[in-house]
Amino acid sequence: MNITVIGTGYVGLVTGTCFSEMGNNVYCIDIDEEKIKSLKNGIIPIYEQHLEGMVIKNHNKGNLIFTTELEKGLSKSNICFIAVGTPMASDGCADLNVVFQVAKSIGELMSHDLIIVTKSTVPVGTGDKIDRIIQKELDKRGVNYKFQMVSNPEFLKEGTAVEDSMRPDRVIIGSEDEKTINMMKELYAPYVKNHDRFIIMDIRSAEMSKYASNAMLATRISFMNEIANICEKVGGADVNKVRLGVGSDKRIGYSFLYAGCGYGGSCFPKDVSALIKTGEIAGYTPKILNEVENVNNEQKKVILNKIKEKFGEDLSNFSFGLWGGLSFKPGTDDMREAPSVVIINGLIESGATVKAYDPKAREVAKDIFKGNENIKFFNSKYDVLNNSDGLIIVTEWNEFKSPDFNEIYHRLNNKIIFDGRNQFDKRLLNNLGFEYYQLVVRL
């Protein structure tokens, strides 16, 4: 098939590349000329496992085309995906300005019948608004091209997005037009051998499915963090053991039941907020989701509070080594809404020096903290420990799971570890002479 994907951000680039991997001709469109130029030269703006090689291979083959010319892509395609960003607006709603501008441009430039697919995460009813915008532009032009709207939400996990795209858990197709549904099934057939994974519904239900999925996962995270905080208050209850007891119930399962520093990234924070606003605008107050958000915001401060309990409010004479505390999760360089930003800013505001190491997010972090002399970045995880008063672990990259504790011990000034992921054995650390603080329990 011939496909246009508008937007070369996280979702658009992964989606377009994976479609091209299956032999489709894909036009990836972006208004950012420098970004398009970089992509043509094999320079990928995000880190995602396997993505770079696939982009270079398919671009060299000629079936993955990067361009700023929307008209060119539309003229050669029968399916157009809208995959632009919908960031959180100042009022917590999803900012749909770019989506609507893209819809207007499609109406101005389309030259034949099209299937138009919303891949961006958008509130319920957005498909109807896009439909009206495009039709208005076609009416202005006096042309009678037909188009069908489809909602096809993405369920990619950062760090495994290529695998998720090539082997999806499910493919939701929001459409009530049989011909369009069959076209979408044909497009996705190479990825979905099991037809039960195709879920067909109306557009509004598809739009809601994306928000509901992310809100449920965020709720599980905040729930387990609540349980962890109760464990600490009552004393003697180990949240990791509690997780085993709870997750063994087949109705519940283990996924997204890890206590930690809170969720971050490009999806959960903005999608929970947008769903809350969607409910409020419709006249309903989402009580559970409001608390999910509140718990998460407070959870990001727990490590910082424990450090201050140990060293005091004034941290001017202290420095801390930070491992993997930049990206919001392993396998990505994404720092959007990352707990690390809250922790680092809190330490710096209290006068501390932060020495940070992250496998992938260092350059992103340099831009975020540009000009701040109280944070320094290192190429070695052990070098951040030299003359540091404690080690803080925030993100559970694999390379931090079996470190050389002897090396850590001899490099740190104070033999203290603040473990934001509860991943080490308390008896081992105590026997080695460390003062060890987990996220929720002092051991």
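**View 1. Ser319 and Thr353 meet across two strands of an open sheet.** In this predicted model, Ser319 has Thr353 as its bridge partner in β10. The two strands involved, β9 (residues 319–323) and β10 (residues 353–357), run parallel and share five bridges. Step back a little and six strands come into the picture, forming an open sheet with parallel pairing in the order β11-β10-β9-β12-β13-β14. Its edges are β11 (375–377) and β14 (435–438), each of which pairs on one side only. Direction ignored, neighbouring strands of the sheet are turned by 20° against each other on average.

**View 2. Helices α13 and α14 pack on the sheet.** Please keep the strands β9 and β10, with their five bridges, in sight here. Helix α13 (residues 302–311) touches β9, β12 (391–393), β13 (416–419) and β14 as it packs on the sheet. The direction of α13 makes about 155° with that of β13. Helix α14 (residues 339–349) also packs on the sheet, and its contacts are with β9, β10, β11 and β12. For α14, the angle to the direction of β10 is about 150°.

**View 3. Ile134 sits among its neighbours in the largest nonpolar core.** This core has 38 residues, and Ile106, Ile116 and Ile134 are those with the most contacts inside it. Leaving aside residues up to four places away in sequence, Ile134 touches Ala103, Ile106, Gly107, Met110, Ile116, Phe147 and Met149. Another core, of 37 residues, lies apart from this one; Cys18, Val26, Met184 and Phe198 are among its members. As background, nonpolar side chains tend to be buried together in soluble globular proteins.

**View 4. Strands β1, β2 and β3 pair in the parallel sense.** Strand β1 (residues 2–6) is largely enclosed by the rest of the structure, because four of its five residues are buried. Five bridges join β1 to β2, and Asn2 stands opposite Asn25 in β2. Strand β2 (residues 25–29) is also joined to β3, over four bridges, with Cys28 opposite Phe66 in β3. Look at both faces of β3 (residues 64–67): Leu64 and Phe66 are buried on one side, and Ile65 and Thr67 are buried on the other.

**View 5. Helix α12 turns its buried residues to one side.** The 13 residues of α12 (residues 287–299) reach 18 Å from the first C-alpha to the last, close to the 18 Å expected at 1.5 Å a residue. Buried in α12 are Leu289, Val292, Val295, Asn296 and Gln299. These residues lie on the same side of α12 because they cover an arc of only 120° around the axis. Their packing partners are α9, α11 (268–281) and α13. A handy reminder for this view: an α-helix has 3.6 residues a turn, so residues three or four places apart point the same way.

**View 6. Helix α11 is mostly covered.** Of its 14 residues, 10 are buried. The buried set is Phe268, Pro269, Lys270, Asp271, Val272, Ser273, Ala274, Leu275, Ile276 and Gly279. Helices α9 and α12 are included in what covers them. From its first C-alpha to its last, α11 reaches 20 Å, close to the 20 Å expected at 1.5 Å a residue. After α11 comes Gly283, with a positive phi near 95°.

**View 7. Ala228 and Val239 are 5.3 Å apart in space, C-alpha to C-alpha.** In sequence, these two residues are 11 residues apart. Ala228 is part of helix α9 (residues 203–234). With a relative accessibility of 0%, Ala228 counts as buried, since the cut-off for that label is under 20%.

**View 8. Phe256 and Asn387 each have a positive phi.** Most residues other than glycine have a negative phi, which makes these two loop positions worth a look. Phe256 lies in the loop between α10 (239–247) and α11, and its phi is near 60°. A relative accessible area of 30% makes Phe256 partly exposed. Asn387, in the loop between β11 and β12, likewise has a phi near 60°. At a relative accessible area of 55%, Asn387 is exposed.

Notes. Residues are numbered from 1 along each chain as its sequence is written. This is a predicted model: local features need pLDDT of at least 70, side-chain atom pairs count only at pLDDT 80 or more; totals for chains, interfaces and linings use all residues. Side-chain values use heavy atoms; hydrogens and water are left out. Two strands pair if DSSP finds at least two bridges between them. Axes are lines fitted to C-alpha atoms, for helices over the stretch in contact, and angles run from 0 to 180 degrees between N-to-C directions. Contact means heavy atoms within 4.5 Å. A nonpolar core is a set of buried Ala, Val, Leu, Ile, Met, Phe, Trp, Tyr and Cys residues joined through side-chain atoms within 4.5 Å. Buried means under 20% relative accessible area, exposed over 50%, partly exposed in between (1.4 Å probe, protein chains only). The expected span of a helix is 1.5 Å times one less than its number of residues. The arc is that of the directions from the helix axis to the C-beta atoms.
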